[in-house]
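Q: Before we go through this model, I should like to learn how such features are read. May we take them one at a time?

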Amino acid sequence: MTTTTAWIRERLPAKVFNWESGNKGMVSIAFPSELFDVETGGIPNILSIVAGNLFGLSELKNVRLLDVEFPKEILSTFPGPKFGVEKIREIMGTLKDRRPHLGTIIKPKVGLNPKQTAEVAYEAALGGVDLIKDDETLTNQKFCPLEERVANVMEAIDKAKKETGKNVFYAVNVTANIDQMMKIADTAIEHNANMLMVDVLTAGFSAVQMLTKDPSIKVPLHIHRTMHGAITRNPKHGIHMMVIAKLVRMAGGDQLHTGTAAGKMEKAVIEVKRVNDFLRSEWHNIKNVLPVASGGIHPGIVPPNIENLGRDLVINAGGGIHGHPTGTRAGAKAMRQAIDAYMKRVPVQEYAETHEELRRALQVWKYQYLTEE
Ligand code: CAP
Ligand code: MG
């Protein structure tokens, strides 16, 4: 090409430094750090470079980005989580027993008004959940304006705390157009929101980083990965969840959906474990992240999820709580009882004999043995 220069030819090309032709064409590529603009371009620039046009090249029948490794000087420019697992456990008072946290998604996903949402939240809080979250599709719709919703739900959580003495997080979904997001996040914080949620793949990694970097945001960030299936699901083509997990950790997510060991969503349990182990591991002084298992979970499949995915985990249930025959509060209690049964190493069916809510739940949702595979 006539327009290129000696400097460009010398300094900028990426280099293949390992090619396992036998191994399905596993290739390792080194990109010179000069290629990146981490200060302003950040994660969007990184993705455009390492995960950009190659997926559309007709020469490549299939290509999958399995992992990325960053040098310290690039990682040190990213904020990382403000809280991490230990601080979140400290707030919830679970540092000692280290049981999994129980989360619930307000269901139905959309359609409830702020008052109705708060009533469901109140019941879930009295049932013993640690986290209540908006669903990924609920933001600031007219039938449930965010400002009113946050005010009502935080009031309900405070009322429940007077009865139980227990803290409960409410992850408010502030996913929005980027020029609106900070204003919406500030509104939520003004109404005492104690956690914010972002749909990272639809809003963008830099949206998460913007919230992390803002000194007025002093609450943990719950990261939902809706749309990830379009990118992560095909084992031959796309981007592995490990890449998304690393970028979310760099951008400052404190909790991240990573999949289940038993549930309704497509999964490769070994891969979910690997991603969870990374999120909880030491990584260049970047705080760790609490993985979230979610999707079709009910009390009958709590044991295989904890057994496979560990105790530093949020077990999240929407239908598995609000679908309980005697309502949300009983649904939450049944999930807590299933977690307690596991922590005490008692089979849930046996534990159900002396715990009514769990017994009713197991009549609706079948118990599943510890390991699926
Ligand atoms: C689960 C959920 C979550 C999924 C996301 C849903 O509800 O609220 O968004 O778990 O999947 O809308 O389906 P249920 P993942 O508990 O009622 O199934 O965590 O795999 O990203
Ligand atoms: Mg959802």
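A: Certainly; please keep in mind that the model is predicted. Let us begin with charged pairs. A search of the whole structure finds 20 salt bridges.

Q: What is the general idea behind such a pair, and which residue forms a salt bridge with Arg11?

A: Side chains of opposite charge can pair when their charged atoms come close. Here, the partner of Arg11 is Glu34, and their closest N and O atoms are 2.5 Å apart. This pair links distant parts of the chain, 23 residues apart: Arg11 belongs to helix H1 (residues 6-11), whereas Glu34 sits in the loop between strand S2 (26-30) and H2.

Q: Into which domains is the protein chain divided, and how far apart do the C-alpha centres of domain 1 and domain 2 lie?

A: Domain 1 covers 6-75 and domain 2 covers 84-364. Their C-alpha centres are 33 Å apart. Domain 1 brings 17 residues to the contact, and domain 2 brings 20.

Q: How should I read the area buried between domain 1 and domain 2?

A: One reads the total first, then the atoms and residues behind it. The total is about 1800 Å², and carbon and sulfur atoms give 64% of it. On the side of domain 1, the residues that lose the most area to domain 2 are Ile43, Arg64 and Leu75, which together account for 38% of what that side buries.

Q: How many salt bridges and polar contacts cross the interface of domain 1 and domain 2?

A: The rule finds two salt bridges across the interface, along with 11 residue pairs in polar contact, both residues of each pair being at pLDDT 80 or more. Three elements each give two or more residues to the side of domain 1 that touches domain 2: helix H2 (42-50), strand S3 (64-65) and helix H3 (72-75). H2 supplies the largest share of that side, with three residues. Sorted by class, the side of domain 1 facing this contact has 11 nonpolar, five charged and one polar residue.

Q: Which residue forms a salt bridge with Lys246?

A: It is Asp67, with 2.9 Å between the closest N and O atoms.

Q: Which residues are closest to ligand 1?

A: Of the 16 residues that surround ligand 1, the closest are Lys109, Arg225, Lys264, Ser294 and Gly296. For atomic detail, one then separates side-chain from backbone partners. A side-chain N or O atom of Lys109 is 2.5 Å from an oxygen atom of ligand 1, and for the side chain of Lys107 the distance is 3.0 Å. In Gly319, a backbone N or O atom lies 2.8 Å from a ligand 1 oxygen.

Q: What should I look for in the backbone geometry?

A: Most residues other than glycine have a negative phi, and most peptide bonds are trans. In this model, the bond joining Lys107 and Pro108 is cis, with omega of about 0°. Pro108 is located in the loop between strand S4 (101-105) and helix H5 (114-127).

Q: Where does Asn192 lie, and what is its phi?

A: Asn192 is in the loop between helix H7 (178-190) and strand S7 (195-199). Although Asn192 is not a glycine, its phi is positive, at about 70°.

Key:
Residues numbered from 1 in each chain as written. Chains lettered and ligands numbered in written order. Heavy atoms only, no water. Domains from an automatic or database assignment. Contact = heavy atoms within 4.5 Å. Buried area = accessible area lost by both parts, 1.4 Å probe. Salt bridge = Lys/Arg side-chain N within 4 Å of Asp/Glu carboxyl O. Polar contact = N/O pair within 3.5 Å; in protein donor to acceptor, adjacent residues only side chain to side chain. Helix = DSSP H or I, 4+ residues; strand = E, 2+ residues; numbered from the N terminus. Nonpolar A, V, L, I, M, F, W, Y, C, P; charged D, E, K, R; others polar. Near = heavy atom within 4 Å.
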